[in-house]
Number of protein chains: 2
Amino acid sequence: MHPKIIPVVMCEGAGIGLWPVSRDSMPKQFIPLFGRDSAFQRTAKLLSDATVFDRLIVIASAEHRFTVADQLQVIGVKAEIVVEPVCRGSAAAVAIAVELGLARDGAALVGVFAADHVVQDGRLFVETCARAAVVAAQDGIVTIGIPPAYPATRYGYIRPGSEITDGAHRVEAFVEASDAVQAARYLTDGYLWNSGNLIFNAATMRAELETFEADVMASAGEAVAKGGRDLGFLTLEPLAFAEVPKVSITAIMERTQKASVIAGQFGWSDVGCWSAVWELSEKGANGNVVEGRGYVFDGANNLLRSEDALLAVVGVDDIAVIATRDSILVVPKAMAGKVTDVVALLTANGEPEAGSHREIHRPWGKYLSIDLDTRHQVKRITVKPGGVLSLQKHYHRAEHWVVVRGTAEVTRDDETIIVHENESIYLPIGCVHRMANPGKIPLDIIEVQVGSYLGEDDIIRIEDIYKRC
Amino acid sequence: MHPKIIPVVMCEGAGIGLWPVSRDSMPKQFIPLFGRDSAFQRTAKLLSDATVFDRLIVIASAEHRFTVADQLQVIGVKAEIVVEPVCRGSAAAVAIAVELGLARDGAALVGVFAADHVVQDGRLFVETCARAAVVAAQDGIVTIGIPPAYPATRYGYIRPGSEITDGAHRVEAFVEASDAVQAARYLTDGYLWNSGNLIFNAATMRAELETFEADVMASAGEAVAKGGRDLGFLTLEPLAFAEVPKVSITAIMERTQKASVIAGQFGWSDVGCWSAVWELSEKGANGNVVEGRGYVFDGANNLLRSEDALLAVVGVDDIAVIATRDSILVVPKAMAGKVTDVVALLTANGEPEAGSHREIHRPWGKYLSIDLDTRHQVKRITVKPGGVLSLQKHYHRAEHWVVVRGTAEVTRDDETIIVHENESIYLPIGCVHRMANPGKIPLDIIEVQVGSYLGEDDIIRIEDIYKRC
């Protein structure tokens, strides 16, 4: 019997390579790219195998903590959600994992996994983790290397050394491929991709962190010790956590003598760009992949994805056409890696679509701006059962709410009013108001804002059950 | 002094070659493709040159009569608008032009012009018409031929014969190019494209119609004689007009002995597909043309056009990407001619975007559906100053109207209520209601419909100032 692994999922990545679907406001790990589950949900499900894993820990940013909670609830997976007040890099996340692991068990084995990776054979993935755990229990730190599929230059490579046991090899070096020629040589020489997924003895990792990045371990430890529980989240103490130096865990892995590597044969992708999505998707006629309302006429091996609009692609091959409600990308699959540069340019040009979605997720539900002009804005607001918006007021806008589904409980200054389906309520400028869904089904509201300034920063929060004031 | 031409613009074409921008609900002649004016408006302006042309006549379908009136008003051109109750082809339109011309003057010269053609040198176009008028006054019927720019197979060709006078030649034959080889031979042999624009002596044309298509002339004449004036339109009598055989004017031109041709050197296009739009547009950097919010990264000679969404096109050349609020087309410019086939397939598949726009123009203004679900729909409605919607009721929906700009006069059963900016009104299922804009600025309303059925056919019109009941 090998010991169970305490699995820790790191949700840090932004993944703008899948723009316009993934953006800072909704990173790729939370988006369903294949079927119904997001990469995060697929990962969480795999790490729920109770024969190999202990109870799940998820490390998320403050911005995405409610998305994490929602997505876990949908798949019925329980987890401890740890909130990072700011992003401090992967070494910090590993240090937190070490602390939380040791708090459960002094001999704990911990596994840290990326939220945005996709594996094809889940059973083999779990088996590989179990094998890695046996090695980690004996020998400290095991990284899962991936047999390279092609001479990639955007991944790091691991040079495996002598075999320790059962397919685990000592790590001789972590290296980068400076170009495709070097990468091709690495392939020939049996190097592995560094997937960044680690399984380790927590005490060993703590010792290595203390040796090589003592400040990371000390400040992260203090942030955990002083952290507090709130709304079901474990929030790290912000001041201590802000002190953690921003270091990648690779910096430790390059220096430690305790690292070994096991090859993961389960089929792996970090889904870094749209060509990877096409490769991993089930193909339709002529190799085309169509998500949403799309037609290909006279074309092969295309990826079409549309949230809303009807998409007609004529006479092109090997192209990705990705349409969200507010943005459209057209790129040959072979150039899909350039999308990160494109997003950087859009950001530099101040295009809001570079980073923000029109549909915004909030702890109480979500809203979508459906019409915007100089003097009015219309939003479709969905409030989860039990959801409560902050008690708020505005200096520049009045609001009209029409309930189109469900029942709203509206606070307006001193009144509390139940607003039913097909009823409306008016909220004059300056009134203190709040909306809640006391019912059992989602509440859908059409909100019409009228005023001289309609920015989100004219929401003056007075009280908030989600502690966002 | 030559006699003035009575110019008649025919607005029949649908022009789905420019889908998704042009559709049955808004044909290409009414859409601004270059600058601010539509092709119809450009044509109407050219035909307003009072030194050459008499007062304009426009022949339009019932569906688009208000669009015609609106677009003329915007450019300040006065015209007689003739409404065809049904579409009966170009011979019918010419017969109507003959009748209206002769009603003005027994020796009238009439010019019939397509609404969706674009000419590059407007002054030369007018001069050419003036020259054609002199010939027509002497010799009957003059067609304006276009020196071919390339061996097109989708236009008819004219074989010019001996010169009559001043660059006008007898027409030897109207022919079709069966393939590109034949078309190339036509180019070498000095044939001209048949642009379908004619200038003729009305009495001569009437005689030719009576000789070759007597039923067309008789029924069209009766439809004009029995037609009525209403709301400023001349509407043809529907029963008589429905009797007109559907014939192309080319069928008369092929048989008459009175036809001559003048070459139009003014630069002509029927803007049949997106590659023509690119060719006629002013190019930006690397030959790219961008209308709306669009970026090209690493690509040349593309046409980007977006109504609303941000468009990012990466690493492609010579492609058209056209995005409306509800549809997106991606097609290499060289294959843009295929778009008509694509629209036919979308139509066969029952896709509503094949024929209808999300923004719908009405005599009183326009509306745009901004949100639609199973139990609710949200529309943004704009009512022109003085505009009045029909008095109506619904069996399946209640409506909430929020005025976001202007002032509404609302009739609700027995009440008349003035609704100001930032006020709302509720219209229960079954109530008889009407909205009007009594003010001086456009009225903008957000309409929230709630109900079990939201189709347009649940608008029961009781009274309509635009006679649409």
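**Exercise 1. Work out what links Arg23(A) to Asp326(A), and place that link between the domains of chain A.**

Step 1. Find the two side chains in this predicted model. Arg23(A) forms a salt bridge with Asp326(A), and their closest N and O atoms sit 2.7 Å apart. The cut-off for such a bridge is 4 Å, so the pair qualifies.

Step 2. Now look up the domains. Chain A splits into domain 1 (5-269), domain 2 (283-348) and domain 3 (359-463). By those bounds, Arg23(A) belongs to domain 1 and Asp326(A) to domain 2.

Step 3. Check the count. Between domain 1 and domain 2 of chain A there is 1 salt bridge. You'll also find 4 residue pairs in polar contact there, both partners being at pLDDT 80 or more. On the domain 1 side, the touching residues divide into 7 nonpolar, 1 polar and 1 charged.

**Exercise 2. Describe how domain 1 and domain 2 of chain A meet: how many residues touch, and which residues of domain 1 lose the most area?**

Step 1. Start with the centres, taken over C-alpha atoms: 31 Å separate those of domain 1 and domain 2 of chain A.

Step 2. Count contacts. Domain 1 brings 9 residues, and these are in contact with 10 residues of domain 2 in chain A.

Step 3. Turn to area. About 930 Å² is buried between the two domains of chain A, with carbon and sulfur atoms giving 67% of that. On the domain 1 side, Ile16(A), Trp19(A) and Pro20(A) lose the most area, together 55% of what that side buries.

**Exercise 3. Look at the peptide bond between Trp19(A) and Pro20(A): is it cis or trans?**

Step 1. Read omega, which is about 5 degrees, so to speak the giveaway: the bond is cis. Most peptide bonds are trans.

Step 2. Locate it. Pro20(A) is in the loop between β1 (5-10) and α1 (39-46) of chain A.

Step 3. Try chain B as well. The bond from Trp19(B) to Pro20(B) is cis, with omega near 5 degrees, and Pro20(B) lies in the loop between β1 (5-10) and α1 (39-46) of chain B.

**Exercise 4. Put together a picture of where chain A and chain B meet.**

Step 1. Go for the totals. In this pairing, 53 residues of chain A are in contact with 54 residues of chain B. The two chains bury about 4,600 Å² between them, 61% of it on carbon and sulfur atoms.

Step 2. Add the polar side of things. There are 14 salt bridges between chain A and chain B, plus 28 residue pairs in polar contact (both at pLDDT 80 or more). The strand giving the most to chain A's side is β19 (residues 327-332), with 6 residues. That side divides into 32 nonpolar, 7 polar and 14 charged residues.

Step 3. Follow that strand across. β19(A) pairs with β17 (residues 310-314) of chain B in the parallel sense, over 4 bridges. Within this pairing, Leu329(A) stands opposite Ala312(B).

Step 4. Pick out some salt bridges. One of them joins Asp298(A) and Lys338(B), at 2.7 Å from N to O. Another pair is Arg380(B) and Asp371(A), with closest N and O atoms 3.0 Å apart. Arg380(B) lies in strand β22 (residues 376-383) of chain B and Asp371(A) in strand β21 (residues 365-372) of chain A, so this pair joins two chains.

**Exercise 5. Find the sign of phi at Asp413(A).**

Step 1. Phi is positive at Asp413(A), about 50 degrees, although this residue is not a glycine. Most residues other than glycine have a negative phi.

Step 2. Asp413(A) is in the loop between β25 (408-412) and β26 (415-419) of chain A.

Definitions and conventions: Residues numbered from 1 in each chain as written. Chains lettered and ligands numbered in written order. Predicted model: local features only at pLDDT ≥ 70, side-chain atom pairs only at ≥ 80, totals over all residues. Heavy atoms only, no water. Domains from an automatic or database assignment. Contact = heavy atoms within 4.5 Å. Buried area = accessible area lost by both parts, 1.4 Å probe. Salt bridge = Lys/Arg side-chain N within 4 Å of Asp/Glu carboxyl O. Polar contact = N/O pair within 3.5 Å; in protein donor to acceptor, adjacent residues only side chain to side chain. Nonpolar A, V, L, I, M, F, W, Y, C, P; charged D, E, K, R; others polar. Pairing = 2+ DSSP bridges.
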